[in-house]
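Trainee: I would like a close look at one part of this model: the open sheet and what packs on it. Please start there, then carry on through the rest.

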Amino acid sequence: MMINKKTKILIVDDIELNRALLCEMFQSKYEILEAEDGKSALHIIEKEKENLAIVLLDVVMPIMDGFSVLEIMNEKGWVDCVPVIMITAEVSDNVMGNGYELGAMDIINKPFNPNIVNKRVENIIENFAYKNSLEQMVENQARKIREQSERLHENNLRLIDALSSIIEFKNTESAQHVFNIRIITKMLLNKLVEIRTDYHLTQNQIELISEAAAMHDIGKIAVPDSILNKPAKLTPEEFEIIKEHTINGCEILEHIAGIKEMDFYHYCYDICRHHHEKWDGKGYPDGLIGNEISIWAQAVSLADAYDALTSKRVYKDAYSSETAMRMILNEECGVFNPDLLECLIQILPLLTEKNGIIKKDHSVATEPIKAEKQKKQPMDVSARTLRLLEMERQKYKIISELSDEIIFEYDKENDKIIFSEEFHKITGHDTIVFDLKKKGAMLEYIKEEDYYFIISKIEELSPENKMLHLELQLNLNGHGYEWYSVRISGLWDISYDVKCMGYVGKIVNIEDEKQKNMELEKAANYDSLTKIFNRHAVETIITDCLLTATKAAVCFIDIDNFKMVNDQYGHILGDNILKRIATIVQKNLKEKDVIGRLGGDEFVVYIHDYETKESLHQQLEVLRTELKMKLNDFVLSGSFGVSFYPENGKDYRELLYKADQALYFSKYHGKDVCHYYNKECENIPFRSLVSNVDDYADEVDYLGQLLKLKGDSFSK
């Protein structure tokens, strides 16, 4: 049978390079028409619809987008005579759902793989051609059967093959399904008459039934492609349409002239109508139960379920034979005749792929090999495509040279990295570096630990996890390390097996920005005079330290008689003494200990995980002794108040408040002593505190915080 060959493909995309790449793929077989927007596309479709094999339609375009084009094609009935594939960078369920709802045969995501697109386009063109010529095919096959009645059996097979091929082409993922149903049905019935004597089927009947089994889904011809090939779960309404294929199949058989006179007609009719009936009466369309269903329809039903489970479908991957059997025996696919289930169990070893009982289509098996050969052959690229690609290359080069960024590309296969010209300007070295892995060539510019860290992070990149962003120090100009921002993205070949071909990225100097941030951080967290933590920072840091501490101490230090220094010698000397005090305290602390200036002559010291209270006391006594300074007629010293975590408090503010109470106990008892918090500290007369208010001249706000923490008891 000859099928009218449509010779033109319409490519609709607003980007010329995309049109050129698609044109390269099909121009050897088809005449290519192009449109840069939806409105132009509709004019071409209206004029050329009888000659168009397919429309490749971009979604996002100016003037009129792809969805609007599909809507108009639906209104005019053009989607029934011209198949449409939508091409889009958007992969959301909403976009894909809208496309299929409007009649798109397929949706291809950008960036697309040429080999895969080529195959899918060719499949849909062939499928659509067979769909539109369905009636002609059926009539021709029926005529041949009538004209060659002397070869009835042979004609029966030809009719079955023709009709089953229609289903294969209509339902693009059912290849081999009809052939497998025929074989499995025959094996089931042969095994059934072998183990049971009450099923009276001759070998000739089994042959006719297995031939008729191929016709089981002929009614799917009437099911819309958008439902039949839908990759997602069917809605209840769509499932009701699918169920009608059992009735439609019988109607088709009744309208094929001459088939009623054939021996296998009543098997065909019964199988078409009842191959979805179930042993427990929950099937369709007639709700038959048990042996009300013919044994041949039951056999086809079980064969259909097993092959559907073990084959790939648009809505699922293929299950293993073991998984399929478990699902069938667990009645996940409905209830089947126990006798036939026993037969399936016995023939199961013969159905495995390794025994080769169910042959696979050789054209399908060799397709990856052919594709691999095509993949390795150089592409014959047109002058137009080369021109557009060259323009893209020039744009990339100009943009990279206009910026102060270093753009780079790493070729994984050849182990080389190519930098933009900015790399040469900064380093003075060549823009191409070879043998990156063998020589570790980049170690000239990067710290070794950072180099291996980047390598480990790059290996985590994938098509889903596309971008790596790091901030690290590089020595590019040979004058020392500076801070750079490095962004890296993978280049993936998804033709067959997902494979990383290399990486692209950019390097941006952020030294000034980093230094400014560090200065801002320093200004925000450090006391400008003593260069130790300020009040706000020390609270945050000690709070964090307490999260990991098992025991700790907070020491509140106040410098005795410090007001006299400022009054008699001036603030310059006072400032120098404060800086010296900070240095002395820091010298006596361990790595995890913390010092901060609360303001004026007040300091807080945090001791993390001290060994014993005795060792802590010795450490603080050494510190108190070193803080003593003689200035002519008076001596500077330090009064200490200490609280313990966790017995005196669980958070910084509570510990600081109780350390403050202990400090004023020290002040009350003569100064220059270290006192540890206890209940007695809470009984200091308020006027003793007031006598030291001069020491808090610039710390009124902090005193307010202490008053708030103490509450009513502080005013007694």
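Mentor: One convention comes before the sheet. Helix and strand directions come from lines fitted to C-alpha atoms, and an angle between two N-to-C directions runs from 0 to 180 degrees. Keep in mind also that this is a predicted model.

Now the sheet. Five strands form it, and it is open. Their order is β2-β1-β3-β4-β5, with parallel pairing. The edges belong to β2 (31-35) and β5 (106-109). Each has a single partner strand, so one side of each is left without a neighbour in the sheet. From one strand to the next, the twist averages 20 degrees.

Look at one pair inside that order. Strand β1 (residues 8-12) and strand β3 (residues 52-58) run parallel and are joined by five bridges. Within this pairing, Ile9 of the one strand is opposite Ile54 in β3.

Next come the helices on the sheet. Helix α2 (residues 38-48) lies across β1, β2 and β3. Its direction is at about 145 degrees to β2. Helix α4 (residues 93-101) also packs on the sheet, where it touches β4 (84-88) and β5. With the direction of β5, that of α4 makes about 145 degrees.

Compare a second piece of strand pairing, further along the chain. In general, strands of a sheet pair through backbone hydrogen bonds, either parallel or antiparallel. Strand β14 (residues 602-608) pairs with strand β12 (residues 552-560) in the antiparallel sense, over seven bridges. Here Val554 has Tyr606 of β14 as its bridge partner. Strand β14 also pairs with strand β13 (residues 594-599), again antiparallel, over five bridges. In that pairing Gly596 is matched with Val604 of β14. Two residues lie between the strands of the β13 and β14 hairpin, where Gly600 takes a positive phi near 55 degrees.

Strand β14 is mostly covered, with seven of its seven residues buried. In a regular strand the side chains alternate between the two faces of the sheet. Glu602, Val604, Tyr606 and His608 point one way from β14, while Phe603, Val605 and Ile607 point the other way. Both sets are buried.

Now the nonpolar cores. The largest has 45 residues, and Tyr306 and Leu344 touch the most other members. Several helices supply at least two residues each, among them α8 (177-195), α12 (245-255) and α16 (338-351). Helix α14 gives the most, with nine residues. Beyond its neighbours within four places in sequence, Leu344 is in contact with Leu188, Leu302, Tyr306, Met325, Ile328 and Leu351. A second core is separate and has 31 residues, including Ile559, Ala582, Leu631 and Phe644.

Two helical sites finish the tour. Helix α21 (residues 448-458) has Asp450, Tyr451, Ile454 and Ile458 as its buried residues. They cover an arc of only 105 degrees around the axis, which puts them on the same side of α21.

Thr427 is in helix α19 (residues 421-427). Buried means under 20% relative accessible area. Thr427 has 14% relative accessibility, so it counts as buried. Its side chain reaches the backbone oxygen of Phe423 at 2.7 Å. A polar atom of the Thr427 side chain also lies 3.1 Å from the backbone nitrogen of His429. Setting aside residues up to four places away in sequence, Thr427 touches Tyr445 and Leu476.

Definitions and conventions: Residues numbered from 1 in each chain as written. Predicted model: local features only at pLDDT ≥ 70, side-chain atom pairs only at ≥ 80, totals over all residues. Heavy atoms only, no water. Helix = DSSP H or I, 4+ residues; strand = E, 2+ residues; numbered from the N terminus. Buried < 20%, exposed > 50% of the residue type's maximum accessible area, 1.4 Å probe, protein only. Polar contact = N/O pair within 3.5 Å; in protein donor to acceptor, adjacent residues only side chain to side chain. Contact = heavy atoms within 4.5 Å. Arc of directions from axis to C-beta. Pairing = 2+ DSSP bridges. Core = buried A, V, L, I, M, F, W, Y, C linked by side-chain atoms within 4.5 Å.
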